[in-house]
Amino acid sequence: MKKFILDLNLTLLSGQPPHFVWSREGEKFIRAWNGKIVEVSQNEKGEIISNNKKFCDFTFRAQDDLKKIYKKISTDSFMEKAIKDYYGLRLTQSDVWETTCCFVLSSNNSIPNIRKSTQLLMQKYGEKIESNLYSFPSIESIAKAKESELKKCKVGFRAPYLKHTARQLLENDFSFSKKGDAKCFFLNCLGIGEKISECISLFGYGFLDSFPIDVWVKRAMQQVYFNGRETKNEKIIEKANELWGDLKGYAQQYLFYEFMSKKGKR
DNA sequence: AGCCAGGGCGCTC
DNA sequence: GAGCGCCATGGC
């Protein structure tokens, strides 16, 4: 893997879809992909070591020049501090179905619970690759699953959402090249609204101008740019556009992580 | 016990 | 089209 700025631990544990899928094994992170194990680790020099460079380049968006991105999103002292604190936090990209599944699970849920449910789904519906390693479930396996069985994976009220959304993906071509087309499609899926469709657009398709507003991003934006006042999402997006334009998705990840990881300390 | 979590649905008005 | 209660589950 070519040298580029990456904090592997930070990136894989920052609440993006890989957080829910990859597992730590000693110094390495592992997951299944295409029926095989992918391993990735980082040595003391910061070099990335993996047995599947291509998949890592995709996952960690190797095409992004982080220095250029930092220059563009360092719009103020808050962003400068967030970048300094979380230097090497990269935006990730994941398979569209994986991204969709993870974020359908995210509604009114916590990151540890999303991971737990994702792992349970992998064990129940994925393919066994090694003794304790399972692939991500196929779209088909979730589409044909019984809701009562899905609920055994602690997905709660999201069971019908998962099943219906899997069916939608099964029956349609979802290889969109425009953000608007992707959003239109996913907004019509059960259990997916404005926020989650923005997440799929960002983390699944890699449209960096997406700007999902969850409770943390909302708090961050209100506190930093609106003097702590309650603000409509429309105004928040307007501000994000003004500040970061087509890179607001990247800025969003720093806002999210800054506020989420320091909950209780403020 | 009650509130909150990378929200969205279905119902009011 | 905006506002509100509700939705499983688990942590604090």
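This note goes through the surfaces beside two DNA strands and one helix pair in a predicted model.

1. On conventions, residues are numbered from 1 along each chain as its sequence is written, while chains are lettered from A and ligands numbered from 1 in the order in which they are written. Because the model is predicted, local features need pLDDT of at least 70 and side-chain atom pairs count only at pLDDT 80 or more, whereas totals for chains, interfaces and linings use all residues, and side-chain values use heavy atoms, with hydrogens and water left out.

2. DNA strand B is surrounded by 27 residues, of which the closest are Gly15, Ile111, Asp214, Arg219 and Gln252; a residue is near a strand if one of its heavy atoms lies within 4 Å of it. Of the atoms of DNA strand B that come within 4 Å of the protein, 58% are accounted for by sugar and phosphate. The surface near this strand comprises 12 nonpolar, 11 polar and 4 charged residues, where Ala, Val, Leu, Ile, Met, Phe, Trp, Tyr, Cys and Pro count as nonpolar, Asp, Glu, Lys and Arg as charged, and the others, Gly among them, as polar.

3. Helices H12 (194-204), H13 (215-225) and H15 (248-261) each supply at least two residues of the surface near DNA strand B, helices being DSSP runs of H or I with at least four residues, numbered from the N terminus. Ile196 has a polar backbone atom 2.9 Å from a phosphate oxygen of the strand, and the side chain of Gln253 places an N or O atom 3.0 Å from a base oxygen.

4. Helix H14 (residues 233-244) and H15 have axes that come within 9 Å and cross at roughly 110°, the axes being lines fitted to C-alpha atoms over the stretch in contact, with angles running from 0 to 180 degrees between N-to-C directions. H14 is therefore roughly perpendicular to H15, a term that covers 65 to 115 degrees. The contact (heavy atoms within 4.5 Å) is made by Ala240, Asn241 and Trp244 of H14 and by Lys248, Ala251 and Leu255 of H15.

5. Around DNA strand C lie Asn108, Asn113, Lys154, Gly156, Phe157, Arg158 and Lys232, and by class this surface has 1 nonpolar, 3 polar and 3 charged residues. Sugar or phosphate makes up 52% of the atoms of DNA strand C within 4 Å of the protein, and the rest belong to bases. A polar side-chain atom of Arg158 is 3.5 Å from a base nitrogen of the strand, whereas Lys232 has a polar side-chain atom 3.5 Å from a phosphate oxygen.

Terms used:
Polar contact = N/O pair within 3.5 Å; in protein donor to acceptor, adjacent residues only side chain to side chain. Parallel < 35°, antiparallel > 145°, perpendicular 65-115°, else oblique.
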